[in-house]
Amino acid sequence: MGTLQHVQHQIDALNDLIKINNDRIAGYEKAVESTEDRALKTVFEGYIDQSKAYVNELNDYIHLLGGSPTDGTTLSGKFYHAWMDVKSAFTKNDSHSVLSDCERGEDVAKNAYRKALDDKELIWEDEKVVGLLNNHMNGLKIAHDAIKALRDSTKQEA
């Protein structure tokens with residue numbers, strides 16, 4: 001793979017992560033709308049802010065590579081959010097269902113980062129971007145575990 005192709009592959013991978021974070025933002029925005037629980041709204045808003053910060057960091061690195069950051073979402077994310085809309089019409093105020101959906105979204109985000117970090121063709125030469133992606137991945141793992149614990153606690157209450 002030539003240098004330009006390699007750089008473009010990195011830009012594409014980082015743009016995919018931006019899309020995943022945009023999906024995550026949209027998912028948590030739906031979650032905020034789907035609950036009346038003020039504490040959950042605060043948690044969800046925190047994860048929205050987290051993904052916005054991740055997008056900003058990814059944008060900065062794409063600019064360093066000479067690329068143009070995306071502002072879109074994934075096609076699967078659009079289908080997922082449409083499904084959440086339909087589902088929320090039937091399960092309004094069901095914290096367990098909302099948190100289960102959020103956990104699935106966290107799994108998707110973690111997997112996307114793992115795929116980018118493990119991609120043998122990318123060969124991330126800049127340790128700064130590897131550190132950035134690992135930092136994001138660690139934040140996503142913490143978020144996943146927190147959402148899972150909240151979900152499990154709502155199941156026990158029901």
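**A buried aromatic cluster, two cores and a salt-bridge network**

Y28 is buried, and F44 is buried as well. That is a good place to start with this predicted model, since both residues turn up again in the ring pairs. For Y28, the relative accessibility comes to just 3%, so this tyrosine falls under the 20% cut-off for buried residues. The rings of Y28 and F44 sit with their centres 5.6 Å apart and their planes at 35 degrees, which makes the pair tilted. In sequence the two partners are 16 residues apart, with Y28 in helix α1 and F44 in helix α2, and the pair links these distant parts of the chain.

Y28 has another ring partner, Y47. This pair is tilted too, at 5.4 Å centre to centre and 45 degrees between the planes. Again the pair links distant parts of the chain: Y28 belongs to helix α1 and Y47 to helix α2, 19 residues apart. Y47 has a relative accessible area of 14%, so Y47 also counts as buried. Taken together, ring pairs join Y28, F44 and Y47 into a cluster. A search of the whole structure turns up two aromatic pairs.

Next come the nonpolar cores. In soluble globular proteins, nonpolar side chains tend to be buried together. Here, the largest nonpolar core has 24 residues, and the members that touch the most others are L14, L17, L58, Y113, W124, V129 and L133. Helices α1 (3-33), α2 (38-64), α4 (95-118) and α5 (127-157) each put at least two residues into this core. A second core, separate from the largest one, holds 13 residues, and Y28, F44, Y47 and C102 are among them. The ring cluster of Y28, F44 and Y47 therefore has its three residues in that second core.

L17 gives a closer look at the largest core. With neighbours within four places in sequence set aside, L17 is in contact with L58, A112, Y113, A116 and L133. Of these, L58, Y113 and L133 are also listed with L17 among the core members that touch the most others.

A serine deserves a mention here as well. S51 is found in helix α2, and its relative accessibility is 0%, so S51 counts as buried. Once neighbours within four places in sequence are left out, the contacts of S51 are N21, R24 and I25.

Charged side chains come next. Side chains of opposite charge can pair when their charged atoms come close. The structure holds seven salt bridges. One of them joins E103 and R151, at 2.1 Å from N to O. E103 lies in helix α4 and R151 in helix α5, so this bridge ties together parts of the chain that are 48 residues apart in sequence. Both ends are tucked away: E103 is buried, and so is R151. For R151 the relative accessible area is 16%, which means it is on the buried side of the 20% cut-off.

R151 takes part in another bridge, this time with D152, at 2.4 Å from N to O. Unlike R151, which is buried, D152 is partly exposed, with a relative accessible area of 27%. Salt bridges thus link E103, R151 and D152 into a network.

A salt bridge is also found between D118 and R114, at 3.1 Å from N to O. These two residues are four apart in helix α4, so about one helical turn separates them. D118, at 40% relative accessibility, counts as partly exposed, and R114 is partly exposed too, with a relative accessible area of 32%.

Helix α5 also carries K141, which counts as partly exposed because its relative accessibility is 37%. K141 and E106 are 35 residues apart in sequence, and their C-alpha atoms are 7.9 Å apart in space.

Finally, a word on confidence. The mean pLDDT of the protein is 85, with 83% of its residues at 70 or more. Confidence is highest in helix α2, at a mean of 96, and lowest in helix α3 (residues 75-90), at a mean of 54. Helix α2 is where F44, Y47 and S51 are found.

Definitions and conventions. Residues numbered from 1 in each chain as written. Predicted model: local features only at pLDDT ≥ 70, side-chain atom pairs only at ≥ 80, totals over all residues. Heavy atoms only, no water. Core = buried A, V, L, I, M, F, W, Y, C linked by side-chain atoms within 4.5 Å. Buried < 20%, exposed > 50% of the residue type's maximum accessible area, 1.4 Å probe, protein only. Contact = heavy atoms within 4.5 Å. Phe/Tyr/Trp six-rings, centres within 6.5 Å; stacked < 30°, edge-to-face > 60°. pLDDT = per-residue confidence, 0-100. Salt bridge = Lys/Arg side-chain N within 4 Å of Asp/Glu carboxyl O.
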